[in-house]
Protein chains: 2
Amino acid sequence: MLEKLDLTKALGKAEYKEKITVLEGRLGRLQRECKELGIPVMIAFEGYDAAGKGVQIGHLIQALDPRGFEVHAVKKETQEEKFYPFLWRFWTKMPAEGRICIYDSSWYRKVLKDRFDGKTKEKDVAAAFRSICSFEEQVTDGGIVLIKIFLAIDKKEQKKRFKKLMRSKETAWRVSEGDLKRNKQFDRYQMMHEEMLAQTDTDYAPWNIIEAVDRKFATAKIYAAVIQTLEQKVKEVKKSRGNTEAAGESNVAEDKTMLAESILTKADLSLKYSKEEYKQRLKSLQKKMEKLHGELYRRRIPMVLGFEGWDAGGKGGAIKRLTEHMDPRGYVVHPTASPNEIERAHHYLWRFWNDMPKAGHVTIFDRTWYGRVMVERIEGFCSKKEWQRAYKEINDMERDLTDAGAIVIKFWLQIDRDEQERRFKARQENPEKQWKITDEDWRNREKWEQYEEAVNEMLIRTSTPNAPWIVVEGNCKYYARIKVLETVVNAIENRLKEEEKRG
Amino acid sequence: MLEKLDLTKALGKAEYKEKITVLEGRLGRLQRECKELGIPVMIAFEGYDAAGKGVQIGHLIQALDPRGFEVHAVKKETQEEKFYPFLWRFWTKMPAEGRICIYDSSWYRKVLKDRFDGKTKEKDVAAAFRSICSFEEQVTDGGIVLIKIFLAIDKKEQKKRFKKLMRSKETAWRVSEGDLKRNKQFDRYQMMHEEMLAQTDTDYAPWNIIEAVDRKFATAKIYAAVIQTLEQKVKEVKKSRGNTEAAGESNVAEDKTMLAESILTKADLSLKYSKEEYKQRLKSLQKKMEKLHGELYRRRIPMVLGFEGWDAGGKGGAIKRLTEHMDPRGYVVHPTASPNEIERAHHYLWRFWNDMPKAGHVTIFDRTWYGRVMVERIEGFCSKKEWQRAYKEINDMERDLTDAGAIVIKFWLQIDRDEQERRFKARQENPEKQWKITDEDWRNREKWEQYEEAVNEMLIRTSTPNAPWIVVEGNCKYYARIKVLETVVNAIENRLKEEEKRG
């Protein structure tokens with residue numbers, strides 16, 4: 001999830017000031033409401049060293065009545081705390097009704113720093129996740145609002161911050177040996193974070209991932225996340241107590257869009273290949289693909305490729321070039337339409353499980369189970385609870401596949417709105433392609449922004465190290481097709497290398 | 001959970017016939033209702049070899065319209081199935097709306113037979129449980145009713161059945177090498193079952209544990225379990241669709257009581273010691289306890305002892321004798337009263353977490369967190385969903401404690417109703433003990449049957465190998481006190497032996 005973040009996000013000073021004044025007011029009012037309603041709140045801050053947890057907590061509490069909250073700095077366990085189960089110190093520091101507890105790093109230490117340092121043994125990691133999930137489910141079932149904030153910066157930015165701190169005597173002590181070691185082995189440490197996010201991003205306690213390079217942007221986004229979660233809860237509680245008076249419409253909606261993930265806009269759609277270059281690369285890649293497909297079969301490695309993207313994004317063309325030189329007995333392409341009657345009578349993942357490849361085979365899905373968090377979400381074909389739950393359900397399914405040895409890759413074919421219009425029109429004008437364009441396509445186009453938000457959230461929440469999302473810059477079809485082929489070829493080659501290493 | 005079962009339960013022929021006729025009719029009607037409402041149903045049968053899964057499925061489907069169900073026999077994975085993730089074959093064999101799928105052994109094979117045979121490696125067990133829990137949560141979230149049936153017999157009964165099968169040529173083939181090996185290592189296999197039950201006994205898919213030595217008893221209890229679960233679901237679905245017409249009151253309630261767990265009635269309350277014998281044993285045990293308490297401290301082993309039981313069951317006396325020779329700096333007794341205002345403003349487990357012992361210390365709870373599934377359940381102080389969820393919450397908490405190295409034992413002090421009356425009266429007549437008896441005690445006494453049912457369910461669902469329940473036969477106070485002391489002494493001695501072995 002983390003490699004997908006756009007860490008260049010920033011907020012201007014004037015814009016920040018304007019926003020934050022509104023947000024502070026809103027949060028203050030919400031705190032009072034939570035107090036009146038007796039809602040307990042836990043806010044856990046996690047994130048890389050020097051990502052600014054302390055600073056951000058400082059900003060957040062600006063808006064709060066100091067009589068209503070406590071901040072707990074979670075350090076290495078004390079001698080005393082070591083004598084208890086690791087969750088004990090959090091159970092005992094739990095907010096009473098109407099109160100807020102803020103944790104400057106949290107119970108996740110057990111599966112992050114302590115794991116990195118070898119204090120948590122690898123064999124105990126699964127049990128620790130079990131304990132953490134059970135803990136979070138219990139407290140939220142018990143009525144607590146649990147808000148989890150993750151502050152992300154990258155290796156370079158972290159190094160820069162460490163250097164700056166070390167330059168002055170007054171701040172040098174804040175950079176520890178451990179900090180530098182974790183920076184050096186940033187990739188290893190990041191994988192632990194990825195695993196943590198995948199295992200604990202639940203519907204009852206989802207992660208809020210914050211791009212934290214720009215301090216002001218991060219502050220605003222944290223405010224928005226906290227406010228949105230609390231408003232939701234306040235509404236629910238009022239409703240359950242028969243108070244039908246709305247909790248006041250949120251001011252956060254528009255901020256949310258502004259502050260949303262923007263993976264898609266990061267895609268450089270000017271990337272392209274000339275026809276000449278395309279042909280050359282295509283030929284060489286397809287030849288490789290042919291050979292590698294045979295290797296997959298021989299070694300009984302299954303592969304699942306999912307294709308999503310804007311209408312007319314070029315999914316069909318990319319799949320065609322990918323499979324052109326593959327042995328048709330070894331792969332199958334499943335186009336995913338709206339579910340038929342039998343499929344509707346089953347669990348939404350049922351039809352996809354039915355089509356999963358067996359060992360040594362390749363299944364390509366032209367549109368996938370991600371419909372749940374895109375079209376079904378936007379058209380209201382499933383409830384909010386259902387699509388929110390789906391991120392973890394899907395991550396779990398893909399994990400089941402990769403645990404069983406499969407290669408799983410998901411492609412998002414990205415084009416911009418103008419390019420889509422050009423392609424739609426071209427289709428309409430071409431009698432042989434007219435069937436490819438319907439009124440529905442034009443209607444979906446009008447919901448571009450809604451889809452963009454849903455897709456961005458989907459990419460963040462379901463791109464995992466074991467089953468990554470690849471955003472394919474698709475304005476130039478040649479470029480897109482080559483990138484897809486290249487990605488698949490590389491993934492297979494890497495796997496074969498790994499297997500050889502293991503012997 | 002399994003060692004607590006009363007496998008002597010049986011049903012007479014006449015009684016069985018009368019009951020089963022009613023139950024069959026009810027189940028047939030329920031199947032039709034589920035079909036109309038579009039409710040999909042999965043019924044998974046697990047249990048020891050020769051416990052009668054096939055026979056019981058045969059009896060259950062008597063009541064069903066054959067056009068509405070399928071039975072899936074889950075054998076070793078076929079060559080084909082091995083090429084998929086292990087859950088694949090269950091995802092693809094999932095009921096459509098309104099249909100029933102019955103599984104003759106199920107996805108639990110992965111953590112039972114395959115684990116026993118070493119096909120599932122120990123390091124992969126945690127991941128398998130994760131997959132299973134996620135699978136069950138997903139399908140039940142998706143609207144499927146999942147009924148899990150576990151058929152229990154003991155080692156001796158199993159051996160007897162194998163022998164009988166092997167005596168005849170026609171049936172000998174049904175007993176495999178594997179069956180005999182599992183019978184030989186029954187204890188090891190049972191531990192895997194215990195772990196499975198503890199990890200997967202959830203509120204969304206609880207286990208129905210069936211005493212299966214007597215075939216007729218088991219059949220009736222399975223019927224009752226299936227009917228009860230379906231009636232509950234039918235009611236919910238009707239309610240959610242605005243159909244307020246009650247689903248017809250259950251006929252099963254009375255059967256349920258008859259068929260309920262009866263751990264308590266198994267307790268042999270005639271067990272006793274003479275005063276002489278008591279004194280002698282007490283002295284020797286207390287001396288041991290004194291020494292062992294020091295060892296606990298020295299080795300930094302924490303210990304949690306919970307005491308529950310009927311009013312006037314003798315908890316206080318037992319605790320007094322237990323602690324008499326213990327160093328008061330190393331233990332503390334927490335009496336648990338109704339929660340005060342601060343405690344009520346927190347999660348129900350919060351106050352107990354606060355009082356957990358640190359390493360090397362002993363905490364004794366006079367009444368415990370089990371109030372959630374007894375008094376709170378019976379008096380309606382929490383919702384049904386809340387107390388049903390509590391079994392797993394409590395198991396998870398105790399697991400957190402034992403994972404951190406604690407010894408955890410829970411005692412239930414059992415007396416019969418007459419004995420309680422004698423003790424109540426004696427207290428009333430003794431001016432020094434009058435404070436011990438209140439009107440509430442007499443009121444609780446009237447709910448004896450309700451408590452009995454709740455206690456039996458609690459003992460089954462929360463007695464785990466890591467944190468067992470000990471039922472203490474308490475009509476003779478001498479006997480009870482010695483049994484408590486003996487149990488604690490043995491538990492510590494066993495732990496010390498284990499630690500020595502580990503070196």
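# Exercises on a predicted two-chain model

The C-alpha centres of domain 1 and domain 2 of chain A lie 33 Å apart. The model is a predicted one, and the exercises below work from the domains of chain A to the pairing of the two chains.

## Exercise 1: the two domains

Task: State which residue ranges make up the two domains of chain A, and describe the contact between these domains by the residues that each one gives.

Solution. Begin with the bounds: domain 1 of chain A covers 2-261, and domain 2 of chain A covers 269-502. Next, take the contact, to which domain 1 of chain A gives 11 residues and domain 2 of chain A gives 16 residues. On the side of domain 1 of chain A that touches domain 2 of chain A, helix H9 (residues 186-200) of chain A gives the most, with three residues. Finally, sort that side of domain 1 of chain A by class, which yields four nonpolar, two polar and five charged residues.

## Exercise 2: the sheet S2-S3-S1-S4-S5

Task: Work out which strands stand at the edges of the open sheet S2-S3-S1-S4-S5 of chain A, and locate residues of S1(A) and S2(A) against their partners in S3(A).

Solution. First read the order: five strands of chain A form an open sheet, S2-S3-S1-S4-S5, with parallel pairing. S2 and strand S5 (207-211) of chain A have a single partner strand each, so one side of each is left without a neighbour in the sheet, and these are the edges. Neighbouring strands of this sheet are turned against each other by 20 degrees on average, direction ignored.

Then look at the pairs that involve strand S3 (residues 100-104) of chain A. Strand S1 (residues 41-47) of chain A pairs with S3(A) in the parallel sense over five bridges; Met42(A) stands opposite Cys101(A), and Ala44(A) has Tyr103(A) as its bridge partner. Strand S2 (residues 69-73) of chain A is likewise joined to S3(A) by five bridges, and the two run parallel. In this second pair His72(A) stands opposite Tyr103(A), the residue of S3(A) that is also the bridge partner of Ala44(A).

To complete the picture, add helix H10 (residues 215-240) of chain A, which lies across S1, strand S4 (145-152) and S5 of chain A and runs at about 165 degrees to S4(A).

## Exercise 3: the sheet S7-S8-S6-S9-S10 and its helix

Task: Identify the edge strands of the open sheet S7-S8-S6-S9-S10 of chain A, and follow helix H22 of chain A from this sheet to its packing with H13(A).

Solution. Start with the order S7-S8-S6-S9-S10 of chain A, an open sheet of five strands with parallel pairing. Strand S7 (331-335) and strand S10 (469-473) of chain A pair on one side only, and they are the edge strands. From one strand to the next, the twist averages 20 degrees.

Continue with strand S8 (residues 362-366) of chain A, which is joined by five bridges to strand S6 (residues 303-309) of chain A, the two running parallel. Within this pair Gly306(A) stands opposite Phe365(A), and Phe307(A) stands opposite Asp366(A). S7(A) too runs parallel to S8(A), with five bridges between them, and there Val332(A) stands opposite Thr363(A).

Now place helix H22 (residues 477-502) of chain A, which lies across S6, strand S9 (407-414) and S10 of chain A at about 165 degrees to S9(A). Helix H13 (residues 275-299) of chain A packs with H22(A) at an angle of about 35 degrees, their axes being 9 Å apart, and the crossing is left-handed. Among the residues that make this contact are Leu285(A), Met289(A) and Leu292(A) of H13(A), and Leu485(A), Val489(A) and Ile492(A) of H22(A). By class, the contact residues of these two helices divide into 13 nonpolar, no polar and eight charged.

## Exercise 4: the two chains

Task: Determine how chain A is related to chain B, and describe the side of chain A that touches chain B.

Solution. Superpose first: a turn of 180 degrees, with a shift of 0.0 Å along the axis, lays chain A on chain B with an RMSD of 0.1 Å. The two copies are therefore related as by a two-fold rotation axis. The same surface serves both copies, since 100% of the contact residues of chain A recur in chain B.

Then turn to the contact itself, which takes 36 residues from chain A and 36 residues from chain B. Helix H3 (88-91), helix H5 (125-141), helix H16 (350-354) and helix H18 (384-403) of chain A each supply at least two residues of the side that touches chain B, and H5(A) provides the largest share, seven residues. By class, this side of chain A has 19 nonpolar, eight polar and nine charged residues. As a last step, find the residue of chain A that comes closest to the rotation axis: this is Ala126(A), at 3.2 Å (C-alpha).

Definitions and conventions
Residues numbered from 1 in each chain as written. Chains lettered and ligands numbered in written order. Predicted model: local features only at pLDDT ≥ 70, side-chain atom pairs only at ≥ 80, totals over all residues. Least-squares fit on C-alpha atoms with pLDDT ≥ 70 in both. Contact = placed C-beta atoms within 7 Å. Helix = DSSP H or I, 4+ residues; strand = E, 2+ residues; numbered from the N terminus. Nonpolar A, V, L, I, M, F, W, Y, C, P; charged D, E, K, R; others polar. Domains from an automatic or database assignment. Pairing = 2+ DSSP bridges. Axes fitted to C-alpha atoms, helices over the stretch in contact; angles between N-to-C directions. Left-handed = near helix turned anticlockwise from the far one by under 90°.
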